[in-house]
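Visitor: Could you walk me through this structure, please?
Guide: Gladly; let's look at it together.

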Amino acid sequence: MSLQVVSSDDLKQCCRLSDGRLVDIEIDDSGQEITVTAVNGPKLGSIELQGTGSGDYYLKRMYLDQDGGEFKRCGIGRQALKFHHQSFGCLFTAAPNDGQQREDGSHLTGDALRFIQKMRDEGLVLQSDPYL
């Protein structure tokens with residue numbers, strides 16, 4: 001599915017999904033949280049980030065299916081990371097796919113395995129495993 005940016009300012013974008021639905025992607029001032037909300041609808045979820053010593057952001061938690069998954073696989077996660085990258089000029093790191101459950105909840109589960117690999121292939125998430 002493709003996604004089109006309808007409007008954008010410093011830390012907020014409105015995007016139209018291929019089926020016509022609109023979502024807002026908003027980054028907090030610190031750059032450590034990205035919130036996604038359906039326009040005139042519910043909060044879809046958020047992405048929690050942690051700054052790293054190298055100046056990148058570590059993906060701690062990413063939940064964009066609080067609505068029950070109606071907005072999954074629409075390109076919202078990719079656009080949220082791209083928008084953050086444009087706004088802050090940093091890339092991302094993520095937990096390695098090593099099967100270990102992490103205390104901070106940052107281990108990869110469900111769709112995260114494929115998503116993170118796609119983002120690594122596109123260069124948004126760094127290939128290296130030193131994630132903190």
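Visitor: Is Cys14 buried or exposed?
Guide: A word on the source first: this is a predicted model, where local features need pLDDT of at least 70, side-chain atom pairs count only at pLDDT 80 or more, and totals for chains, interfaces and linings use all residues. Residues are numbered from 1 along each chain as its sequence is written, and side-chain values use heavy atoms, with hydrogens and water left out. Buried means under 20% relative accessible area, exposed over 50% and partly exposed in between, with a 1.4 Å probe and protein chains only. Cys14 has a relative accessible area of 11%, so Cys14 is buried.

Visitor: How many disulfides does the whole structure have?
Guide: A disulfide is a pair of cysteine sulfur atoms within 2.5 Å. A search of the whole structure finds zero. For Cys14, the nearest cysteine sulfur belongs to Cys15 and is 6.6 Å away. The count of disulfides is therefore zero.

Visitor: Which element gives the most residues to the largest nonpolar core?
Guide: Such a core is a set of buried Ala, Val, Leu, Ile, Met, Phe, Trp, Tyr and Cys residues joined through side-chain atoms within 4.5 Å. This one has 28 residues, and Val23, Ile47, Leu59, Ile76 and Leu81 touch the most other members. Elements giving two or more residues include strand S5 (43–51) and helix H1 (76–88), as DSSP runs numbered from the N terminus (helices H or I, at least four residues; strands E, at least two). With four residues, the top contributor is H1.

Visitor: What separates the C-alpha atoms of Ala94 and Leu59?
Guide: Ala94 lies in the loop between strand S7 (92–93) and H2, and counts as buried because its relative accessibility is 1%. Ala94 and Leu59 are 35 residues apart along the chain, and their C-alpha atoms are separated by 5.2 Å.
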